[in-house]
Each structure stands twice: as C-alpha cells, then as structure tokens.
Amino acid sequence: MDLHKIDTEKRNLNTMDIDTLSSLEIVKKINEEDKLVPQAVEAALPVIADVVDQIVAAFNNGGRLIYVGAGTSGRLGVLDASECPPTYGTPSEQVIGVIAGGEKALQYAMEGAEDNIEQAVEDMKKINVNEKDVVVGIAASGRTPYTLSAMKYAKSVGATVAAITCTKNSEMEKEADYAIVVLTGPEVVTGSTRMKAGTAQKLVLNMLTTASMIRIGKVYSNLMVDVVPTNQKLIQRAKNIVIEITGASEAEAEEALKTYQSTKAAVLSLITGLTGEKVYEVLDAHNGHLRNAIQSQLK
C-alpha cells in the first residue's frame, strides 16, 4: 500500500512549521485550511443531488439509506442516521449507520476492524441489504477494505451504491454507481482525516439526509413539521411550529397537538377546519406532504 498516492495522506506545505507556532497561530492555520472545505464540497454538488434523487426514489419504494464506514467515517454515518428519527419522525430502520467493529467502535478506536472484509459482508447480510436500498460507503482515502467490501456486496444484490471520498481515482470511486469526491487536500496534521476530510463528509451527509427529507415532505417551508416531541425543547418547538404556520394562540396549538399527536395534523386541522380521522386521511392521500394537503382543501 503506497499511502503517498492518497491525497489525504500527503503533507501540507502550509503547515510544515506548525509545531513551532503559538496557540493562536496554530488555530489560525487550522481555520485557514477549514475555509477550503465548503469550496471542495461545492464542486461535488451535482453528484450529491443525483444521490439525493436515488435516496428519495428508494424511500418512496420502501427502501432505505444505509451508511457504511470505519473509524471517523463510520461514526459520522451513524451520527447522521441517528439524528433522522427525532428531527424528521422517520422510522429508525429507514436510515441506518453501519460502522466497522459495531457499537463498541463508536467510542473506542478499533482500527483493525477496517480491514475485516468478511465481517463487512456479514454486517450487510444482517440488515438484509437489497435492491431497494441505497448504500453509501464513506472513507476519506477511498480504499478502506471493510467499506469497499460492503459496497461490493451491496452492488451484487442490486442496491444502488454511492461513495463519499476525499481522494481522486480511488477504488471506492470506481466501485460506486455515484461517486461524491470532495478534494479537501492534505490535512493540517498529515493523515488526520478527522479534520478537513471529516468536516467535508459531515457537510455531505447533512445534505443527503436533509435534502431527501425535504423532498419526501418532512419539511414545510423551512420548518421540521415531523419533529418528534420527545423532550421539553422539542415539545416547545412543535408548539412554536404550529403557531408560526397557523397563527393560532398558544392554547389552540397545545389543544391541537394534544388532539392529533402530530404537528402536521395539528396544522392541517387548524388551517382547513378538518377534524377527526379526515385529517389523517388527507395527509395520507398526499403522502404526508403538508403543503399539498393544505392546498387540496383550500381550492
């Protein structure tokens, strides 16, 4: 393995003297490099949009979005997946994060797990990856054996396969149906891909799930109308959303949320005057798209 050929393993000429600098000078160097990340992501936007389209199609067909990675990449995938249910009210099995080494690897470094290609196949079989799914392999280097093996298996069973990498002409790029290549360049500390590469991966993952959730009707205007009010903050957010959209009083919003146990249903009822099961029927008829449901009743 020749690491020198991998973009993220090359030395950064701008930070060769970083060990001689003051704290302020070090963080300025890091900040200067971090500013390059959004530009690198911008270059990949067309492919990111293509992957969003594939995810939306999968969701509409009963499929799932499955992230696969090792180390930092795997943790970022699990993080993004775990935030979808509370934010968008999705079933926990709709967006899944798989990390080499399993749950223990979320907290502890298990770098050897990234080489276990057999376990990758077993992990994919365990969650029954199939032709309805979109599987996204994540690796800064584009060569992680565990991730590449998972991608190959997913492809063999007909799943749509994408990759998020930070180096060009990688094995994962070649294996993927859709390759999101974000060229962040050498890291401040050579090979520390939890930095710029990790930041780029997080930005891309944010886009994939957020854009997909918007497309399937989880957002009205820019409000998360499928938020699950599982704590005091989210209960208040749901109430604020109902008030913001409908102009209802706090008491009216509370009553509607109590009645329908759903932000969308509460909004639809308050705006259109619908009540009872008819509220849910109209939402279902429009696949949960609140804007379309409202417009259908106000014509």
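In which sense, and over how many bridges, do strand S1 (residues 65-69) and strand S3 (residues 134-138) pair? In this predicted model, the two strands run in the parallel sense and are joined over five bridges. One point of that pairing can be followed residue by residue, since leucine 65 has valine 134 as its bridge partner in S3. As background, the strands of a sheet pair through backbone hydrogen bonds, and the pairing may be either parallel or antiparallel.

The pair S1 and S3 belongs to an open sheet of five strands, whose order is S2-S1-S3-S4-S5 and whose pairing is parallel. Strand S2 (95-99) and strand S5 (178-181) form the edges of this sheet, each of them pairing on one side only. Averaged over the sheet, and with direction ignored, neighbouring strands are turned by 20° against each other.

Two helices can then be placed against these strands. Helix H3 (residues 45-60) lies across S1, S2, S3, strand S4 (160-165) and S5, and its direction makes an angle of about 135° with S5. Helix H4 (residues 71-82), for its part, lies across S1, S2 and S3, where it runs at about 160° to S2.

Outside the sheet, the backbone of two loop residues deserves a look. Most residues other than glycine have a negative phi. Asparagine 128, which is not a glycine, nevertheless has a positive phi of about 55°, and this residue is found in the loop between helix H7 (117-126) and S3. Its side of the picture is completed by solvent accessibility: asparagine 128 has a relative accessible area of 53% and is therefore exposed, the cut-off for that class being over 50%. Serine 221 likewise has a positive phi of about 55° although it is not a glycine, and it lies in the loop between helix H10 (196-215) and helix H11 (232-246). With a relative accessibility of 51%, serine 221 also counts as exposed.

Finally, what is the count of disulfides? A disulfide is a covalent bond between the sulfur atoms of two cysteines. When a pair of cysteine sulfur atoms is required to lie within 2.5 Å, the count for this model comes to zero. Two cysteines can still be described by their surroundings: cysteine 84 has a relative accessibility of 3% and so counts as buried, while cysteine 166, at 0% relative accessibility, counts as buried too, because buried means a relative accessible area under 20%.

Conventions:
Residues numbered from 1 in each chain as written. Predicted model: local features only at pLDDT ≥ 70, side-chain atom pairs only at ≥ 80, totals over all residues. Heavy atoms only, no water. Buried < 20%, exposed > 50% of the residue type's maximum accessible area, 1.4 Å probe, protein only. Pairing = 2+ DSSP bridges. Helix = DSSP H or I, 4+ residues; strand = E, 2+ residues; numbered from the N terminus. Axes fitted to C-alpha atoms, helices over the stretch in contact; angles between N-to-C directions. Contact = heavy atoms within 4.5 Å.
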